[in-house]
Amino acid sequence: MPVCAQIQESVEGETKMRHRISDWDNAYANGINIPQGDRWPAAWVDTARHYREELAAAGRAKLGLSYGEKPRNRFDLFLPESAPSGLVVFVHGGFWVGLDNSYWSHLAKGAVDRGHAVAMPGYTLAPENRIAGITIEIGKAIEAAAGMIAGPIRLIGHSAGGQLVTRMICTTSPLPKAVGDRIANTVSLSGLHDLRPLINLSSNAKMRIDRGEALAESPALLEPMPNARVTCWVGAAERAEFVRQNALLASIWKGLGAETEAVEEPDKHHFNVLDGMADPAHPLMQALFA
């Protein structure tokens with residue numbers, strides 16, 4: 001079944017094409033729509049482990065730090081060679097139902113090499129948790145890491161993690177004001193900013209998003225904090241829905257007074273769009289530290 005039903009119509013002598021999504025699962029499916037897409041996330045495992053081991057051997061990794069009582073309420077903290085200039089928090093994706101923070105350790109390299117500490121939290125996944133509950137957990141993780149590292153805080157999250165980091169800079173953020181006031185910038189990578197379409201996915205049997213939660217937890221339907229800054233960054237080769245969701249938040253929040261930017265990185269898909277995080281000179285890192 002095609003993702004979009006195409007409807008032709010003739011308007012004043014011109015043929016125009018309208019689109020309607022007919023296969024919601026496919027519209028948000030990444031791996032099956034990327035050549036050799038089944039390589040991920042396994043392709044990250046060894047590289048991430050080697051990075052953890054390297055920094056741990058140098059005394060620059062604090063692993064499995066607790067921020068709460070549940071088993072997944074842990075974060076890893078990676079440190080630069082000298083005193084950190086600030087804190088970066090990376091929140092992983094997986095549609096709130098899969099993966100953990102161990103897959104992404106190597107992506108701390110870009111920020112660490114720029115002299116910042118990087119915290120990578122895990123969180124309790126659905127269906128054991130709801131997105132509203134994950135929001136609270138991420139808030140606690142950021143608060144715990146912020147208590148260990150002084151200076152400005154920068155947030156970056158991928159896919160579901162993009163929703164979670166932008167949720168932190170909404171007026172209904174779970175963060176204490178003192179922590180929220182330290183957030184200098186936020187980057188949402190391939191973020192899901194409007195949860196209402198996801199109600200249509202078969203995987204919502206696990207996510208359990210209902211209309212009430214979609215309205216309460218969609219950053220695009222909420223107001224940004226005063227002085228919020230956000231870059232919405234997506235691969236230009238991603239699914240059309242991710243590209244649309246990327247532009248959506250930047251557009252809406254710009255009209256609500258936030259400083260926003262929308263970027264479509266050429267030739268990148270949903271997985272390799274993360275690669276820039278490992279390079280301190282990459283434009284993605286330049287955007288985070290702008």
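This report walks through the sheet, two buried residues and the aromatic pairs of a predicted model.

## The central sheet

Let us start with the strands. Eight of them form an open sheet, and their order is E3-E4-E6-E5-E7-E8-E9-E10 with mixed pairing. At the edges are strand E3 (61-66) and strand E10 (259-265), each of which pairs on one side only. From one strand to the next, the twist averages 20°. As background, strands of a sheet pair through backbone hydrogen bonds, in either a parallel or an antiparallel way.

A good place to look inside the sheet is the pairing of strand E7 (residues 153-158) with strand E8 (residues 183-189), which is parallel and runs over six bridges. Here Arg154 stands opposite Asn185 in E8. Helix H4 (residues 131-146) packs on the sheet, where it touches strand E4 (74-78), strand E5 (87-91), strand E6 (117-121) and E7. The direction of helix H4 makes about 155° with that of E5.

## Val234 in strand E9

Moving along the sheet, we come to Val234, which lies in strand E9 (residues 229-235). Is Val234 buried or exposed? Its relative accessibility is 0%, and the cut-off for buried is under 20%, so Val234 counts as buried.

Leaving aside residues up to four places away in sequence, Val234 touches Ser190, Phe242, Val243, Asn246, Val263, Glu264, Glu265 and Val273. Ser190 deserves a second look: it is 44 residues from Val234 along the chain, yet the C-alpha atoms of these two residues are separated by 4.7 Å.

## Thr166 in helix H5

Next comes a helical residue. Thr166 belongs to helix H5 (residues 160-167) and is buried, with a relative accessible area of 0%. What lies 3.2 Å from a polar atom of the Thr166 side chain? The backbone oxygen of Gln163 does.

The surroundings of Thr166 draw on several parts of the sequence. Not counting residues up to four places away, Thr166 touches Thr186, Ser188, His193, Pro219, Val230, Leu249 and Trp253.

## Aromatic pairs

Now for the rings, where the count comes to eight aromatic pairs. In one of them, Tyr28 and Phe242 have ring centres 5.6 Å apart and planes at 65°. Planes over 60 degrees apart count as edge-to-face, so this pair falls in that class. The Tyr28 and Phe242 pair links distant parts of the chain, 214 residues apart. Tyr28 is in the loop between helix H1 (24-27) and helix H2 (42-57), whereas Phe242 is in helix H9 (residues 240-254). Both rings belong to buried residues: Tyr28 has a relative accessible area of 2%, and Phe242 has one of 0%. Phe242 is also among the residues that Val234 touches.

Phe95 and Trp96 form another pair, with centres 6.3 Å apart; their planes are at 75°, so this pair is edge-to-face too. Phe95 counts as buried at 17% relative accessibility, and Trp96 is buried at 0%.

## A ring cluster and a charge

Which residues do ring pairs link into a cluster? They are Trp40, Trp44, Phe90, Tyr103, Trp104 and Phe271. Trp40 has a charged partner as well: the charged end of Arg39 sits over the Trp40 ring, 4.4 Å from its centre. Phe90, another member of the cluster, falls within strand E5 (87-91), one of the strands that helix H4 touches.

Methods
Residues are numbered from 1 along each chain as its sequence is written. This is a predicted model: local features need pLDDT of at least 70, side-chain atom pairs count only at pLDDT 80 or more; totals for chains, interfaces and linings use all residues. Side-chain values use heavy atoms; hydrogens and water are left out. Helices (H or I, at least four residues) and strands (E, at least two) are DSSP runs, numbered from the N terminus. Buried means under 20% relative accessible area, exposed over 50%, partly exposed in between (1.4 Å probe, protein chains only). A polar contact is a pair of N or O atoms within 3.5 Å; within protein, one must be able to donate a hydrogen and the other to accept it, and residues adjacent in sequence count only if both atoms are side-chain atoms. Contact means heavy atoms within 4.5 Å. Rings of Phe, Tyr and Trp (its six-membered ring) pair if their centres lie within 6.5 Å; planes under 30 degrees apart count as stacked, over 60 as edge-to-face and the rest as tilted. A charge sits over a ring if NZ of Lys or CZ of Arg is within 6 Å of the ring centre and within 35 degrees of the ring normal. Two strands pair if DSSP finds at least two bridges between them. Axes are lines fitted to C-alpha atoms, for helices over the stretch in contact, and angles run from 0 to 180 degrees between N-to-C directions.
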